[in-house]
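I opened this notebook to keep a record of what I looked up, entry by entry. I began with the contact between the chains and then went on to a pocket, the charged pairs and the backbone.

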Amino acid sequence: MIQETCQVTGTELVTEETFVVSFESKRIAETIQPGQFVNVRSWFGSDPLLRRPFSVYTVDRDRFVSILFNVVGKGTRILGGLRKGDLIDVIGPLGTPFNLNLNGMKTAVLVGGGLGVAPLPVLTSRLKEKNVRVHTYLGARSKSQLIPSFLENLSVATDDGSSGFHGTVVDLLERELPELDQTPVALFGCGPNPMLRGLSALASKKGIACQISLEGPMGCGFGICQGCPVRLSTGAEEYVLMCREGPVFDSTLIEV
Amino acid sequence: MSEQVKTAFELKGVSFKNRVFVASGTFGYGDECLDLIDPSTIGGIVTKSLSRKRREGNPPDRIVETAGGMLNSIGLANIGVEAFVREKLPRVKTLGTGVVANIAASSIDEYCEVLEMLEREEGVDAFEINVSCPNVREGGLSFGMSCPLTEELTRALRPRTRKPLIIKLTPNVSHISEFARAVEGAGADAVSVINTLIGLAIDVETRKPKLSTVTGGLSGPAIKPVALAKVYEVSRAVSIPVFGIGGISDARDAIEFLLAGASAVQIGTANFVDPSTATRVAAGIESYCSRHGIVDVSDLIGAMDASQRVSVVDTWL
């Protein structure tokens, strides 16, 4: 974990509402693992007060890192206004990454819903380095919200049917899974909680290993505020922290 | 220059490097941020509240950002006193900074038990008592909202420790200085002022409270003026030292607390945004003193000059 003030190297609008902000950080680019996140702030003063956490979306030439977000509140409004040369204070890499060392995994199925696509490009490139075949399923409300870059063997589902399968990405995956399931397969999901619940249910029905990356309110991002509990599926009232034990979890261990 | 400024702070014979601490619940057990800060630059770490048994804490959502601050309802999630002694203390006591164990409990007996367990431990320099915990005997009303109970608790703890005993007072009472006087009379060595203010935030679309527990504790820069007024009030009512807490983000904020009457300060919510805040505050107080020809930081305590108003005409814009 490091804290560094970084220079913004570019801001891009990749859909009508989704920004990609890139910044230069050699140390984060070199150490980030897929599924980990950064907690950032580009403003002074106390409103907004807290940093904003984002998955690392891309890593370029071991020097440049990008994050992906929609403008939904005070923090993202400021971040969306960043321009090349502006400064952004970054703490990272944070959190527990995806586990890529699964026994016998030959095929990885990546499932992203909406902005849950964010961790998938870095995950894709690391899986390919390990010679794992990658299939990607991407869901969005409609065609204009799809962010299909840097992904492998892409299948698409939209809620309104404007692109690809008309329905949820989990429904699409369930139809196609039998074909993929010829080799030992593992699921990697990131997206809204209802999607992750569906994916977890599908994984347990089929007996497939499934890791999911959660999103939720967070304070510090590294465990000192205790503000981001995730309930374990032990039946008892037991919590771990999304920022520290997560944001990636084995889907059987937690309640989404 | 800065070498000449005396920063050390002594409480009941225990010496701390300077007067800047990190507040309970905002710095874990001291070992989470070692990648980012060197704790030997600050006076001490006040641990997350420790209870007899591990506590899981409240369900989500536990925090929500509000204007200039945040509401929390963590629910005293902690690993329990035994795990702290076994897993955390051996490391924390080697960090070159003071260790103040904060204790939370649901009965006076439990407070005493946790304190006695820690009293034996080398490396615990002082105790801070979180009285803002629900009291089982009184149907969940917090100890800190009852002056007789807060006094009774202090009286019960006092003979059980030779270490400094600090009572952390809640501002959610009518007259906080009455509580301060009561714990001073019961043998407390210092008070911490203030704990969080009870607050509420509602999502208007769903009409639901934003925290799972409905209300929570407000902290951050938003509460600083309230905290300063409470420190001012308490420090004039008692002769024991006051730890000033509430919305400190930089050295100027901390100096305000010293001027209002605090003998030391604790940095809380700001640690979440920038874990090096306390380090910067400690250095900033020192350079302020150098710049103003102040040889001992203690010369700032209660040194607010209330005799005449300072015009803010040239800085308010």
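The entries below follow the order in which I looked things up.

**Entry 1, the interface.** I note before anything else that this is a predicted model. I asked how many residues each chain brings to the contact, and I found 27 residues from chain A and 32 residues from chain B. Between them, chain A and chain B bury about 2500 Å², and 61% of that area lies on carbon and sulfur atoms. I then looked up which three residues contribute most on the side of chain A, and these are L49(A), I224(A) and Y239(A), which supply 27% of the area that chain A buries against chain B, more than any other three residues.

**Entry 2, polar and charged links across the interface.** I counted eight residue pairs in polar contact between chain A and chain B, with both residues at pLDDT 80 or more. When I looked at the elements behind the side of chain A that touches chain B, I found that those giving two or more residues are β1 (2-13) and β14 (239-241) of chain A. By class, the residues on this side of chain A divide into 15 nonpolar, five polar and seven charged. For salt bridges across the interface of chain A and chain B, the rule finds one, and I traced a salt bridge between the side chains of R52(A) and E65(B), with 2.7 Å from N to O.

**Entry 3, the second largest pocket.** I read off a volume of about 1000 Å³ for the second largest pocket. Which residues lie nearest its centre? Of the 44 residues that line this pocket, they are N72(B), S132(B), N195(B), T196(B) and G217(B). The strands β6 (69-72), β11 (197-200) and β14 (215-219) of chain B each supply at least two residues of the lining, and β14(B) gives the most, with four residues. I also recorded that the lining divides into 14 nonpolar, 27 polar and three charged residues.

**Entry 4, salt bridges over the whole structure.** Over all chains I have 23 salt bridges. I picked out the one in which the side chains of E152(A) and K128(A) meet, at 2.9 Å from N to O. This pair links distant parts of the chain, since E152(A) sits in the loop between β8 (133-140) and β9 (154-158) of chain A while K128(A) belongs to helix α3 (residues 120-129) of chain A, 24 residues apart. As background I wrote down that side chains of opposite charge can pair when their charged atoms come close.

**Entry 5, backbone exceptions.** I kept in mind here that most residues other than glycine have a negative phi, and that most peptide bonds are trans. The peptide bond from D47(A) to P48(A) is cis, with omega near 0 degrees, and P48(A) is found in the loop between β3 (37-41) and β4 (52-60) of chain A. The peptide bond from G246(A) to P247(A) is also cis, with omega near 10 degrees, and P247(A) lies in the loop between β14 and β15 (248-250) of chain A. In chain B I looked up L76(B), a residue other than glycine with a positive phi, near 55 degrees, and I placed L76(B) in the loop between β6 and α1 (81-92) of chain B.

Methods. Residues are numbered from 1 along each chain as its sequence is written. Chains are lettered from A and ligands numbered from 1 in the order in which they are written. This is a predicted model: local features need pLDDT of at least 70, side-chain atom pairs count only at pLDDT 80 or more; totals for chains, interfaces and linings use all residues. Side-chain values use heavy atoms; hydrogens and water are left out. Contact means heavy atoms within 4.5 Å. Buried area is the accessible area (1.4 Å probe) that two parts lose on being put together, summed over both. A polar contact is a pair of N or O atoms within 3.5 Å; within protein, one must be able to donate a hydrogen and the other to accept it, and residues adjacent in sequence count only if both atoms are side-chain atoms. Ala, Val, Leu, Ile, Met, Phe, Trp, Tyr, Cys and Pro count as nonpolar, Asp, Glu, Lys and Arg as charged, and the others, Gly among them, as polar. On a 1 Å grid over the protein atoms alone, a cavity is a set of points where a 1.4 Å probe fits but cannot get out, and a pocket is an open set with protein on both sides within 12 Å along at least five of seven lines; lining residues have an atom within 4 Å of a point. Grid points are joined across faces, edges and corners, and a volume is the space filled by probe spheres set on the points.
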